[in-house]
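This briefing goes through one protein chain by topic, from charged pairs to strands and aromatic rings. Please keep the sequence and the structure in view while reading.

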Amino acid sequence: MVNKKVTCYSVNIPESMDFVQLLLDNEESSLKPFVLDQYRTIELKYTQIQKNGSIVGLFVTTSRKNIPPAHKPGNGDDYTALPLDDGQGLAYPNVFLYDPQFKVLYLETNRMGVSPSKICAYFEARAIRDSIPTFWIEISPLLKKEAYERVENMVRIKYVNLKLAKPTGLLRNNLSKGLLRGLASISDQLNADKYMQCSFTADKVKSLKKGEILNIIDSFGRIHSEATELGREKGNKLIIKGNILDEDGAEIEDVVDFLLNKIDFRFSIEEPIIASNLQFMDRKNGINTVYMKLYKEVSTVVDSIQRLRKE
């Protein structure tokens with residue numbers, strides 16, 4: 001048995017569009033493989049709507065890069081290239097489940113498959129192909145509920161400290177709008193491509209806006225997630241200080257240090273030594289198990305986010 005990790009992400013696209021329709025679009029042009037680079041393509045396969053309204057399917061990455069040779073141990077230098085036909089490559093699946101009620105994407109982790117940023121690139125490429133000029137998409141990891149609850153329980157947010165490695169590259173590639181987008185422009189203009197660090201402090205009797213703090217958390221989550229994929233997460237930090245009420249109603253300080261404890265869980269499947277298919281049904285059953293396991297926590301987090309946005 002092999003354990004497969006599933007991580008939860010929030011999905012944001014323009015309000016005039018429906019992510020369900022994008023996933024279920026079976027037009028021939030929409031189903032064409034997306035060319036990520038000269039060696040890799042991404043396809044959307046086996047998408048289907050379930051009785052509970054969720055969407056399941058596979059993102060399939062086909063790679064024709066860094067394919068090792070075949071070799072028989074003890075047979076000298078008998079190394080031979082694998083006999084792949086023209087255009088063939090190795091297929092790496094990521095099973096996904098999308099919950100339209102909470103706009104949350106459950107995505108299997110596969111190092112050789114798609115990442116959230118590659119999924120964004122896939123749909124952005126489709127939008128360009130379909131002549132949709134105003135399209136944008138943001139996929140952010142959901143943090144465990146304790147992080148949001150602690151920020152939500154603050155009666156006053158006094159201080160935010162943010163540090164990001166490689167800000168000019170990471171920020172430009174991951175943000176379409178928001179406060180950090182502006183800071184990215186400043187980093188770019190200054191040629192500050194090593195790291196960016198900034199702090200925001202409120203007056204003694206004022207509070208930083210919780211809604212904007214949530215936007216920073218979301219943006220930081222996407223950036224840090226992408227940085228982890230690229231091995232650049234070292235040095236990234238987000239610290240929020242504020243006051244909460246103790247049992248006697250007095251204000252005391254609380255500090256939330258975001259090391260991005262993302263909502264995730266695992267399912268197990270039997271993997272063959274040499275696979276002849278993508279084991280869609282096994283993956284589908286596994287991710288449905290994760291969905292049922294995490295449903296309550298995800299709904300609690302989404303409720304907290306919605307309340308924070310209203311403040």
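Lys4 has a relative accessible area of 11% and is therefore buried, where buried means under 20% relative accessible area, exposed means over 50% and partly exposed lies in between, with a 1.4 Å probe and protein chains only. The model is predicted, so local features need pLDDT of at least 70 and side-chain atom pairs count only at pLDDT 80 or more, while totals for chains, interfaces and linings use all residues. Residues are numbered from 1 along each chain as its sequence is written, and side-chain values use heavy atoms, with hydrogens and water left out.

**Overall make-up**

- The chain has seven helices and 14 strands, these being DSSP runs numbered from the N terminus, with helices of type H or I and at least four residues, and strands of type E and at least two.
- Of the 311 residues in the chain, 43% are buried.
- Among contacts in the chain with a separation of 6 or more, 72% come from residues 24 or more positions apart, a contact being heavy atoms within 4.5 Å.
- About 17,100 Å² of the chain is exposed, and carbon and sulfur atoms supply 49% of that area, as computed by the Shrake-Rupley method with a 1.4 Å probe, where for residues only the protein chains shown count as cover.

**Salt bridges around strand β1**

- The count of salt bridges comes to eight, a salt bridge being a side-chain nitrogen of Lys or Arg within 4 Å of a carboxyl oxygen of Asp or Glu.
- Lys4 and Glu271 meet through their side chains in one salt bridge, at 2.7 Å from N to O.
- This pair links distant parts of the chain, with Lys4 in strand β1 and Glu271 in the loop between β14 (264–269) and α7 (280–310), 267 residues apart.
- Unlike the buried Lys4, Glu271 counts as partly exposed, at 36% relative accessibility.
- Lys5 and Asp264 form a further salt bridge, in which the closest N and O atoms are 3.7 Å apart.
- Here too distant parts of the chain are linked, since Asp264 lies in strand β14 and Lys5 in strand β1, 259 residues apart.
- Both partners count as partly exposed, Asp264 at 26% relative accessibility and Lys5 at 27%.
- Thr7 is found in strand β1 (residues 2–12) and counts as buried, because its relative accessibility is 3%.
- With neighbours within four places in sequence left aside, Thr7 is in contact with Leu105, Tyr106, Leu107, Thr109, Lys262, Ile263 and Asp264.

**A four-stranded sheet and helix α3**

- Four strands form an open sheet in the order β11-β10-β12-β13, with antiparallel pairing, and two strands count as paired if DSSP finds at least two bridges between them.
- The edge strands, each pairing on one side only, are β11 (195–201) and β13 (251–257).
- Neighbouring strands of this sheet are turned by 10° against each other on average, direction ignored, the axes being lines fitted to C-alpha atoms, for helices over the stretch in contact, with angles running from 0 to 180 degrees between N-to-C directions.
- Strand β12 (residues 237–245) pairs with β13 over seven bridges in the antiparallel sense, and Ile239 stands opposite Asp257 in β13.
- Helix α3 (residues 145–152) packs on the sheet and touches β10 (156–165), β12 and β13, its direction making about 145° with that of β13.
- A salt bridge at 3.0 Å, N to O, joins the side chains of Asp254 and Arg150.
- Because Asp254 lies in strand β13 and Arg150 in helix α3, this pair ties together parts that are 104 residues apart in sequence.
- Asp254 is buried, with a relative accessible area of 14%, whereas Arg150 counts as partly exposed at 34% relative accessibility.

**Aromatic pairs**

- The count of aromatic pairs comes to eleven, where rings of Phe, Tyr and Trp (its six-membered ring) pair if their centres lie within 6.5 Å, and planes under 30 degrees apart count as stacked, over 60 as edge-to-face and the rest as tilted.
- Phe19 and Tyr98 form an edge-to-face pair, at 4.9 Å centre to centre and with 75° between the planes.
- The pair links distant parts of the chain, Phe19 in helix α1 (residues 19–24) and Tyr98 in strand β7 (residues 90–99), 79 residues apart.
- Phe19 and Tyr98 are both buried.
- One aromatic cluster is formed by Phe19, Phe34, Phe59, Phe96, Tyr98, Tyr122 and Phe123.
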